[in-house]
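I sat down with this entry to work through its strands, its charged pairs and its surface, and I note below what I looked up in turn.

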Amino acid sequence: MRSIWNGAISFGLVSIPIKLVNATESRSVSFRQIHTRDGGRIRYRKVCELDDQEVPQAEIGKAYEDADGTMIPITDEDLASLPLPTTKTIDIVAFVPASEIDPLQIDGAYYLAANGVPAAKPYTLLREALKRSKKVGLAKFALRGRERLGMLRVVDDVIAMHGLLWPDEVRRPEGVAPEADVTIRDAELDLADALMDTLGDVDLDSLHDDYRQAVEELIAAKAEGIELEPQPAPAGGGRVIDLMAALESSVRAAKEARGDEAAEVSAPVTELKPRKKAAARKAASKEAAAKRTAAEPAAKKTAAKKTAAAGSSKTASSKSSAKKTAAKKTAARKRAS
């Protein structure tokens with residue numbers, strides 16, 4: 001690996017010559033801008049606003065733009081004359097527990113390599129001291145024209161340094177947290193814990209950039225004149241209505257993905273299924289209505305029969321009374337004669 005900076009670690013009165021190399025690299029696929037009409041490359045040219053002429057790199061300098069738009073030229077000599085004690089030194093100012101470093105401050109990462117044979121012993125001394133103390137070194141250093149903050153820690157048998165943002169460069173999370181009052185039940189926390197336990201650990205080496213792989217396959221196919229079939233868009237997460245049900249489903253899916261048997265969640269949870277109950281009530285109501293509808297014709301027929309029977313009984317009774325009355329009148333006439 002090619003070094004990007006040579007200097008020394010200042011560790012009290014101990015000076016350790018080191019070389020700084022990048023610990024990370026970008027693997028993302030980069031693109032060029034082209035003219036879509038003819039495929040011509042689009043390039044940026046540095047043009048002066050005053051004479052509209054392209055300016056070579058040798059004639060380009062630095063300037064600070066003031067609030068009113070005034071340009072204040074700053075030369076490399078001006079910057080070189082500033083007092084910057086960390087120009088070639090990584091100055092360790094303290095050793096602190098790693099927990100005191102806010103992860104939001106962590107920036108780029110570098111490896112520090114011992115520069116030469118004489119640097120091997122003090123380098124190893126610092127490395128072993130960091131290991132035994134279980135602390136990290138907080139240091140100041142200068143890189144690419146500005147002073148920076150760094151954190152030194154041990155990775156395998158190498159001292160690594162993470163660039164840190166200055167504390168005033170990290171924004172406060174004001175107005176980011178939900179403003180609504182939310183109550184989380186113990187049962188929900190139990191399910192969340194169960195989900196985290198079920199997901200378990202992961203081998204970081206097994207993770208890879210699926211999108212980058214898809215882009216590389218797309219480029220290879222287009223280079224060969226092959227048109228790939230469009231892939232269906234992944235299903236987006238819907239609105240969570242029943243949080244408990246969503247957590248239970250997540251735990252069950254995670255267990256199935258790991259090959260475990262689907263087991264009941266041990267958390268004491270009472271399932272709420274208002275929709276199914278409402279549907280059952282509607283079904284029962286419809287069934288009762290259907291029974292009433294089916295029973296109405298039979299009831300009407302029965303009522304009609306009762307009415308007819310009652311009418312017949314009344315008619316027979318009337319006829320019997322008439323006959324009795326006529327018989328009485330006949331007997332009376334006979335006695336009179």
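**Salt bridges**

I began with the charged side chains and counted 11 salt bridges, keeping in mind that this is a predicted model.

I looked first at arginine 45, whose side chain meets that of glutamate 54 in a salt bridge with an N to O distance of 3.6 Å. I then checked the cover on arginine 45 and noted it as exposed, because its relative accessibility is 57% and the cut-off for exposed is over 50%.

Next I turned to helix α4, which spans residues 210-223 and holds both arginine 212 and glutamate 216. These two residues are four apart, which is about one turn of the helix, and their side chains form a salt bridge at 3.8 Å, N to O. I recorded arginine 212 as partly exposed at 25% relative accessibility, and glutamate 216 as partly exposed too, at 42%.

I also looked up lysine 222, whose side chain makes a salt bridge with glutamate 227 at 4.0 Å, N to O. Lysine 222 counts as exposed at 53% relative accessibility, and glutamate 227 counts as exposed at 65%. Elsewhere, I found Arg127, Glu128, Lys131 and Asp157 joined into one network by salt bridges that share partners.

**Strand pairing**

I went on to the strands, starting with β1 (residues 3-11) and β2 (residues 14-22), which pair in the antiparallel sense over eight bridges. To fix the register I looked up alanine 8, and its bridge partner in β2 is proline 17. The two strands form a hairpin with two residues between them, and in that turn glycine 12 has a positive phi of about 65 degrees.

Which way does β1 run against β5? I found the two strands parallel, with three bridges joining β1 to β5 (residues 89-97). In this pairing serine 10 has aspartate 91 of β5 as its bridge partner.

From β5 I followed the pairing to β7, where six bridges join the two strands in an antiparallel arrangement. Valine 96 stands opposite valine 136 in β7.

I then asked how many of the nine residues of β7 are buried. Seven of them are, and I therefore noted the strand (residues 135-143) as mostly covered, buried being under 20% relative accessible area.

Strand β7 also pairs with β8 (residues 146-155), antiparallel and over seven bridges. Here glycine 137 has leucine 152 in β8 as its bridge partner. The hairpin of β7 and β8 has two residues between the strands, and I noted that arginine 144 takes a positive phi near 55 degrees there.

**Contacts across the sequence**

I checked two pairs of residues for their spacing in the fold. Alanine 114 lies in strand β6 (residues 106-114) and is partly exposed, with a relative accessible area of 28%. The C-alpha atoms of alanine 114 and lysine 19 are separated by 6.4 Å, although the two residues are 95 apart along the chain.

The second pair starts from glutamate 100, which I located in the loop between β5 and β6 and recorded as exposed, with a relative accessible area of 55%. Glutamate 100 is 35 residues from lysine 135 in sequence, and the C-alpha to C-alpha distance between them is 9.9 Å.

**Surface patches**

Last, I looked at what is grouped on the surface. Tyr64, Ile72, Ile74, Leu79 and Leu82 form a nonpolar patch, with about 450 Å² of accessible area together. I took isoleucine 72 as the member to examine, and placed it in strand β4 (residues 71-74). With a relative accessible area of 35%, isoleucine 72 is partly exposed.

I also found a negative patch on the surface, formed by Asp186, Asp190, Asp193 and Asp197. Aspartate 193, the member I checked, is in helix α3, which covers residues 186-199. I entered aspartate 193 as partly exposed, because its relative accessibility is 38%.

Terms used
Residues numbered from 1 in each chain as written. Predicted model: local features only at pLDDT ≥ 70, side-chain atom pairs only at ≥ 80, totals over all residues. Heavy atoms only, no water. Patch = residues over 30% accessible without salt bridge, like charges linked within 9 Å, V, L, I, M, F, W, Y side chains within 5 Å. Areas by Shrake-Rupley, 256 points an atom, 1.4 Å probe, with all protein chains shown as cover. Lys, Arg positive; Asp, Glu negative; His and termini not counted. Charge placed at Lys NZ, Arg CZ, Asp CG, Glu CD. Buried < 20%, exposed > 50% of the residue type's maximum accessible area, 1.4 Å probe, protein only. Pairing = 2+ DSSP bridges.
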